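The following exercises concern strand pairing, burial, helix packing and backbone geometry. Please work through each task with the structure in view before reading its solution.

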Amino acid sequence: MIQAREDYYLRDAPTISDGEFDDYVRELEAIEAEYPQLSDGSPTQQVGGWAAATFAPVTHLQQLLSLDNVFSEGELRAWAERAIKAVGEAAIAEAGWLCEVKIDGLALDLVYRNRKLESAATRGDGVTGEDVTGNVRTIAAIPKTLPKDAPDVVEVRGEVFMKVADFEALNAAMGIERERDFAAAKAAGKDLPKKRYFFANPRNAAAGSLRQKDPKITASRKLSFYCHGFGEVSSLDGAFDRQSDGYELAARWGLPTSPYTKVVASLAEVWEFVQRYAEQRHSLEHEIDGVVVKINDRALQETLGATSRAPRWAVAYKYPPEEVTTKLLDIEVGVGRTGRVTPYAVMEPVRVAGSTVEHATLHNETEVRRKGVLIGDTVVLRKAGDVIPEVLGPVESLRDGSEREFTMPTHCPSCGAELKPEKEDDLDIRCPNQRSCPAQLIERLSYIGSRAALDIETLGERTATELVRGGLLGDEGDLFNLDAATLLRNPFFTLKDDPGKLTKPAEQLLDNLEAAKTSPFTRFLTALSIRHIGKGTAPAVAAAFPSITALAAASTAELAAVEGVGPILAEAITEWFAEPWHREIIAKWEAAGCILADSPSARPDVEQTLAGMTVVVTGTVPGYTRDGANEAVIAHGGKATGSVSAKTDAVVVGEGAGSKYDKAVALGIRIIPAADFDEFLRAG
């Protein structure tokens with residue numbers, strides 16, 4: 001779930017559907033209801049994702065909460081009845097229920113001081129978000145100043161989105177460019193690009209556009225914004241008693257609000273609103289994925305309060321996935337960075353849940369047989385959670401006898417190696433040619449450049465493909481030895497009118513690679529593509545083994561004994577280091593100047609004030625993302641861990657700290673207020 005949250009909130013590239021994630025959350029909630037001690041640090045207690053390292057962190061004036069979800073009329077009624085029991089039916093009926101469509105966009109927090117826009121930040125983890133002020137200033141819908149009657153401090157909550165018409169125009173413009181790529185590739189006899197659409201849906205387009213490093217790119221995309229509430233506001237007591245009045249106030253200040261809102265008097269009318277927009281969901285100016293229902297009275301909102309992640313006075317009704325039928329033209333296979341070979345459906349393009357779909361994963365051969373689909377079938381397709389395309393099964397009554405079964409290839413489509421399961425009982429088959437398989441190497445290089453790993457903006461799939469197919473490197477070990485002379489061998493990296501010079505992106509790639517050599521050890525651990533090591537597990541591994549040398553020398557038993565590692569990950573690490581060519585990668589990276597350690601000897605520029613100390617950071621630390629605070633501890637010689645125990649030397653406590661603080665107090669462990677974190681790093 002941690003990886004899924006990262007993919008959705010940070011990378012704008014969901015790897016599982018909203019529906020699947022909701023199912024996991026429900027399953028986890030059921031487990032935690034039976035075993036409450038497991039809930040500490042759980043995703044069920046957290047808001048959204050976290051602030052990415054790409055942008056500076058911004059601490060919200062008030063916590064930006066998420067919403068609890070319901071999926072049926074019964075669940076919606078149960079939520080409403082809990083609220084009625086708490087504050088009384090008559091009190092709620094007087095102000096009414098405020099219904100509004102749930103915009104499928106990106107949450108945004110705006111702060112106006114002295115009526116001027118001071119900052120704009122994404123939701124992040126609800127306490128700290130990403131600073132996107134420069135980009136937001138390019139959005140015409142968001143006023144740069146408020147009128148004279150607005151208070152000195154106004155924190156605005158709302159949603160950035162892209163209208164359907166603007167999304168289609170953007171994709172059409174980019175599609176023209178991509179069609180040129182298709183034509184050029186076909187004329188040259190090269191492999192055709194697989195993707196015809198730059199963005200899968202308006203939500204991804206809006207999120208990707210808002211997170212551009214260059215505000216000019218954001219400005220070129222038509223982003224819109226609607227206000228749906230306030231955070232901290234100075235001197236506004238009595239200005240509005242109802243949430244709907246607040247929307248009128250926002251509109252008077254020039255803040256755009258949604259036209260798709262209505263105050264109703266009964267739950268029956270709430271349900272009518274939900275049903276009406278379920279039918280109209282693709283006829284609105286923007287995509288929606290549900291309806292938000294709020295108790296309209298602000299005093300009652302204060303009385304009901306909130307949990308650690310969501311208000312009790314509001315809830316989101318999520319619409320079920322939309323289903324359509326289309327023709328299954330073929331089943332092809334792709335090869336991932338770990339060698340896993342995955343069949344995927346190639347379909348006649350079809351519009352579903354607001355975007356056009358022509359590919360959908362089928363997971364493995366067993367899943368294809370389970371679904372009973374044949375090539376040539378008319379199949380039922382749904383956009384699970386309105387994000388990830390999923391083939392549900394065939395419409396057997398429409399078969400005409402021309403359909404044929406899918407046969408899993410016996411050899412890798414990329415390198416020709418014989419495919420086989422890694423273990424006898426594995427459902428997945430893999431290409432064993434891990435080092436030299438072009439498809440695997442391209443995927444690994446792309447992953448090294450991802451935000452989850454070394455965050456090298458210029459190292460994406462296209463660049464990785466050119467590096468591999470152009471023969472510019474043998475494996476990822478050669479990555480940090482790339483130089484101008486090497487890149488000049490491939491026309492992709494050179495100027496068309498002056499082949500002796502590199503393009504600006506190529507020059508930037510070399511600069512990015514040089515800067516990445518001093519990335520935190522946790523990022524290098526993720527970049528190595530060791531199975532099961534990702535953003536969530538790398539800190540625990542690095543805390544116990546703060547250098548690649550120490551990690552390589554650790555036994556499986558020593559690894560398994562580390563909290564947060566366990567036997568499966570321990571075995572994967574041991575197996576990875578057992579491969580001689582993996583050790584060659586490490587040797588090449590170190591020879592090129594990469595610092596694969598967080599130790600005093602590796603980082604002489606940082607005073608090791610926390611050497612020998614085990615530190616836990618809980619809550620929000622001003623000026624740091626959650627990962628950034630842990631990386632600062634490690635850089636100063638300490639071990640950053642996620643749980644408090646008798647071995648913990650200090651606990652840094654910020655706003656939103658939970659049971660870790662209570663446990664630290666009970667154990668008599670040193671408490672460091674978040675405001676003193678920099679001094680703690682300096683003095684130890």
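**Exercise 1. Determine how strand β18 and strand β20 pair, and place them in their sheet.**

Solution. Strand β18 (residues 614-618) and strand β20 (residues 650-653) are joined in the parallel sense over 4 bridges. Strands here are DSSP runs of E with at least two residues, helices are runs of H or I with at least four, and both are numbered from the N terminus. Two strands pair if DSSP finds at least two bridges between them. At residue level, Val616 has Val651 in β20 as its bridge partner.

This is a predicted model, in which local features need pLDDT of at least 70 and side-chain atom pairs count only at pLDDT 80 or more, whereas totals for chains, interfaces and linings use all residues. Residues are numbered from 1 along each chain as its sequence is written, and side-chain values use heavy atoms, with hydrogens and water left out.

Next, consider the sheet: 4 strands in the order β19-β18-β20-β21 form an open sheet with parallel pairing. The edges are held by β19 (639-641) and β21 (670-673), each with a single partner strand, so one side of each lacks a neighbour in the sheet. From one strand to the next, the twist averages 30°.

**Exercise 2. State how many residues of strand β7 are buried, and identify its partner strands.**

Solution. Begin with the criterion: buried means under 20% relative accessible area, exposed over 50%, and partly exposed in between (1.4 Å probe, protein chains only). In β7 (residues 153-161), 9 of the 9 residues are buried, so this strand is largely enclosed by the rest of the structure. Then take the two faces separately. Val153, Glu155, Arg157, Glu159 and Phe161 lie on one side, Val154, Val156, Gly158 and Val160 lie on the other, and all are buried.

Finally, find the partners. Strand β4 (residues 106-113) pairs with β7 in the antiparallel sense over 8 bridges, and Leu106 stands opposite Val160 in β7. Strand β8 (residues 224-233) also pairs with β7 in the antiparallel sense, over 7 bridges; here Arg157 stands opposite Gly229 in β8.

**Exercise 3. Describe the packing of helices α13 and α14.**

Solution. Two packed helices are described by the angle between their axes and the distance between the axes. For α13 (residues 438-448) and α14 (residues 461-469), the angle is about 135° and the axes are 8 Å apart. Axes are lines fitted to C-alpha atoms, for helices over the stretch in contact, and angles run from 0 to 180 degrees between N-to-C directions. The two helices are therefore oblique to each other; angles under 35 degrees count as roughly parallel, over 145 as roughly antiparallel, 65 to 115 as roughly perpendicular and the rest as oblique.

Now list the contacts (heavy atoms within 4.5 Å). From α13, Pro438, Leu441, Ile442, Leu445 and Ser446 meet Glu461, Ala464, Thr465, Val468 and Arg469 of α14.

**Exercise 4. Locate Arg115 and Asp455, and decide whether each is buried, partly exposed or exposed.**

Solution. Arg115 lies in the loop between β4 and β5 (116-122). Its phi is near 70°, a positive value in a residue other than glycine. With a relative accessible area of 21%, Arg115 is partly exposed.

Asp455 lies in the loop between α13 and α14. The phi of Asp455 is near 55°, again positive in a residue other than glycine. Its relative accessibility of 23% makes Asp455 partly exposed.
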